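Work through the exercises below with the structure in view. Try each task before reading its solution.

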Amino acid sequence: MDIKLPHSLLTQYLDTDATPKYIAEKLSLCGPTVDRLHKLEKDTVYDIEIITNRVDSASAFGVAREAATILKEFKFHSKLVNDPYRLTKKDLRDLPTNQPVDVQIMDSTLVPRFACIALSNPDIKDSPQQTQSWLNAADQRPLNNVIDITNELALRYGQPVHVFDLDKIKGSKMIVRESKKGEKITTLDGKTHTLKGGDIVIEDGEGRLIDLCGIMGGGLSDVDENTKNILLFVQTYEPKRIRRTSLYTQERTLASQLFEKGIDPELVLPVLIRGVQLLQERTGAIINSHLIDIYPQPPQTKKVSLNTDWLREFSGTNISDQKITSILSSLGFTTANKVPNLAVTVPSWRINDINLPEDLAEEVMRVYGYFKLESILPPTVLTDTTTESVLTDEIDAKHHLVGLGFTEIFNNSLVSAASFSHIGESSERALKLKNPLSTDLEYLRTSLLPSLLQNLSDNRGLKQKQLAIFELANVYLPKDKKLPLEQASLALVTKGHSYAEVKGYLETLLNKLHLDVTFTPAENAPSLFTPAQTAAVFSSNKLIGHIGLVNPEVSDNFSLTGEIVAVSLNFDLVSTLRQHLHHFKPVPTTASVIEDITINSTKPVAELLEKLKSAHPYIYSVSYKNSHQNNHTFTIEFNNPKKNLTQTEVNSIKSKIIKGSE
Amino acid sequence: MTLDQLNKQSASEINSANSRADLDELKTKYLGRKGLVNQLLQSLPKEELKNQGRAINSLKQTIESRLNKQLKKIQTTQSTKQVDVTIPGIKPPTGHLHLISEAIEEITDIFKTLGFVRRRYPEVDTDWYYAEGLNIPKDHPARDDQETFYISDDVVLTAHTSNGQLREMERMKTPPIKMINIGKTYRRQASNTHNPMFHQFEGLLIDKGINMTHLVGVSNYFAQQYFGKDRVIRLRPHHFQFTEPSFEVDINCHICKGTGKVEGKRCKVCKGGWLELGGAGMVHPTVLKNGGIDPKKYSGFAFGWGIERVIMMKHNVTDNLRELYTSDLRFLQQS
């Protein structure tokens, strides 16, 4: 959470001659981060980020406590003043004996501490200028002097405070209890909430809900210009319940953000006393009841042990014992026992946050200054640094593709339902988000191709006649198990290239990766492809993917025209099957004879090629040249590694091959 | 044609040729398999063949050398011709690696040099690895900051790469552990400058005697290798549930050289001379325990930084993360 704190309010608790700019800089370095300083006409406002475990610093006093310690470390004069923890019941002097209200707490775990007191005859008017400008600076609207005091107290001490019109609480009775499911309450902002049950609420003597505790007061008992008797009301609540209520009612009020983080119950009474003092000063109200302070189980003192030798080792510094204890004591910790084994008592406002020696290490070292730490490389060395081959194979493949003229794209893993229907598939088998941001980003991809087709479509306006793009990313395939299979997948999409060209790119890529593959006419190709012009790609008898012409209907769904060729590969499988050890074949030292040979056959060319390669031991290499109907021409390099071949020998091999192919 | 005629004709034709293509043609015309020399050979009766065989062979060599001589002559003439060498070259079609891939490679290499081993862990993971095991209980306010996409109550789309921490501890069983986990991450954040998907790199080092200065050392090494020799980092306090202490890592600004001012005015790039790199901290004892490692014996540090963020800081490409996810080839083909 972020708070806005005026400098003039901070200096009510901090005596220093440091400038706001200096304070902001040093706080950011050693304590809470000051995101920004706003200059006002007569004041400066700090924007401070309060991290979740430091709700104790979400106030003028809390920041002053940090600043007093930190500035001292930078040798600046700084002192914490007007410490509210020094206030006691005695500061209220003699109190009347009558009850302010009749309080019943149905479950004491709901309200660790409950305090209230009645005052009468407030002169309700506008607040003093200073209060109004503090509230304005903190983005709060000044209302009247009574309500403004409650808001000012929260700014000062980080303790939310509420005030009721006592005469509007029927039967002068307050029952603090859990809400029941379906109960309704209208809060001060005019919103009516139907409660889920288990919220902390207060019911008056006539069974009406007058407070949605820790979130916002009910509209039934608010203070207005006619109010004669008020009830000043300071509590702490069970954090988890406040958080739950605040989240589902979407009332993320300042009060709820403070309560849900667990504020210090020890501060309840001091804040109530300060509240009474301010009401007396500013409204002339007089105390009209005795004090109710229900505090059945004050938290026990907490001690954490700290070994100062360990701290030096853990921080990598030579910080002295004396420095360690002085920083801790300045932050409100007390230390006992002899060094190096200190018993550190945690102050009440840090009880939820400090549990371990590591927590104390943070307190000491941040104030000492993390910026003073030396820069040292760790000596750790692993004896085995092997990892999944897919991580390096991906990089290799990307580079080969770039070398072949492909441009890489990164698309979102999250896609729309339409991206499935566009390629003739259903989104039902994909993982669906429970809380998507929009219907465009609702499912996890099971194929990269729809995204790439969309990319082509987005680039329709380009003059480039040929486009070749690729993506290598995970697809998410739901499994029977809890977690899906995250499979590395490679997809290529081209425009303006023929099937044969793209197949050439793919063959080159796979050849570069030393992967032996075969292409066969695809059976059951994904619906995105045109069946008659799609091949299944196999390696070691495993289907690793498909290459083919995109179905014109699918192209049309992406407003694409012309020949679109796509490839999709299971890259995890490619990586598994890839030969990482590649053997080189010696170059022939005897003369080769290169001749064309034409074979008449109705078999697929790939099959003829395979057969030719192993047709005779003197065939060194075979490449495909062209086809005219069923006549397929191949260029063959004949070589006898032992001696030069004669034309007669070659002719005899050739005629054997042709015979064999018939 | 007689031998003599052939000799004269070839000489005149070859000497007047003025391109390589012409010469190639002449070579085929005279010396090819069905060329004039062979034709002459075949036209001769057997007895003449004996007489003239040697002469014909010598003619072949003469023609061959004439061709070579003329070729050299042509090349010499051509090479003295003034050409506008500034005319732009004819560019082959080229491919382009994405900036994010480039960065992942660079980052992998930097940490590899330090002996970190690269890993990849699930993007879709259970609440235990993602939050609870990292010391973030179910109803903790720290969950507010996570902006998480859910698949089910117990399965999330990870908003950070830190789920890899426990998984790496389980895989390695005993320290030393020294990994860099690079992966996609997701945040439920609606804004014009954020993409719901981005990438993080997560470093984790656990061993005996690992302390805060080692985190400073590794961070500085990264900053200097990735951004430049003159860069340094500093740590500031922060809070993460899974580290204690936790830090925000800042890097000095290259625009204002860490002064926060450019020509007397406030630097527009940084805050007071420093830029936020990302979060880090000493691994929380509870997290070590959850990973089956004894926090009494071992300590470690971890950090998780955004790839897109370091790209933007390094290349000044854009301050809008979404632009890295464009499909506009006019942008992508610049890399």
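**Exercise 1. Check the length of helix α15 (residues 499-512) of chain A in this predicted model.**

Solution.
- Step 1. Count the residues: α15(A) has 14.
- Step 2. Work out the expected span. At 1.5 Å a residue, taken over one less than the number of residues, α15(A) should span 20 Å.
- Step 3. Compare. The end C-alpha atoms of α15(A) are 20 Å apart, which agrees with the expected span.

**Exercise 2. Find which residues of α15(A) are buried, and how they lie around its axis.**

Solution.
- Step 1. Apply the cut-off: buried means under 20% relative accessible area.
- Step 2. List the buried residues. They are Val502(A), Lys503(A), Leu506(A), Leu509(A) and Leu510(A).
- Step 3. Look at their directions. They cover an arc of only 120 degrees around the axis, so they sit on the same side of α15(A).
- Step 4. Recall the general rule. An α-helix has 3.6 residues a turn, so residues three or four places apart point the same way.
- Step 5. Turn to the other side of α15(A). Ala500(A) and Asn511(A) are exposed there.

**Exercise 3. Name what covers the buried residues of α15(A), and say what follows the helix.**

Solution.
- Step 1. Start with the helix in the cover: α12 (389-403) of chain A is one of the elements.
- Step 2. Add strands. The cover also includes β25 (485-495), β26 (518-521), β27 (529-539), β28 (542-550) and β29 (564-570) of chain A.
- Step 3. Move past the helix. His514(A) follows α15(A), and its phi is positive, near 55 degrees.

**Exercise 4. Decide whether chain A fits the rule for a compact globule.**

Solution.
- Step 1. Take the rule's value. For 662 residues, a compact globule would have a radius of gyration near 26 Å.
- Step 2. Set chain A against it: its radius of gyration is 39 Å. Chain A does not fit the rule.
- Step 3. Look at the extent. The C-alpha trace of chain A spans about 130 × 60 × 50 Å along its principal axes.
- Step 4. Add the make-up. Chain A has 19 helices and 32 strands, and 53% of its residues count as buried.

**Exercise 5. Place Thr161(B), and decide: buried or exposed?**

Solution.
- Step 1. Locate Thr161(B). It lies in the loop between β4 (155-157) and α7 (163-172) of chain B.
- Step 2. Check its accessibility. Thr161(B) has 3% relative accessibility, so it counts as buried.
- Step 3. List contacts, leaving aside neighbours within four places in sequence. Thr161(B) touches Asn181(B), Gly183(B), Thr185(B), Gln200(B), Phe201(B) and Glu202(B).
- Step 4. Check confidence. Chain B has a mean pLDDT of 89, and 98% of its residues reach 70 or more.

Technical notes:
Residues numbered from 1 in each chain as written. Chains lettered and ligands numbered in written order. Predicted model: local features only at pLDDT ≥ 70, side-chain atom pairs only at ≥ 80, totals over all residues. Heavy atoms only, no water. Helix = DSSP H or I, 4+ residues; strand = E, 2+ residues; numbered from the N terminus. Buried < 20%, exposed > 50% of the residue type's maximum accessible area, 1.4 Å probe, protein only. Arc of directions from axis to C-beta. Contact = heavy atoms within 4.5 Å. Rg over C-alpha atoms; globule rule 2.2 N^0.38 Å. pLDDT = per-residue confidence, 0-100.
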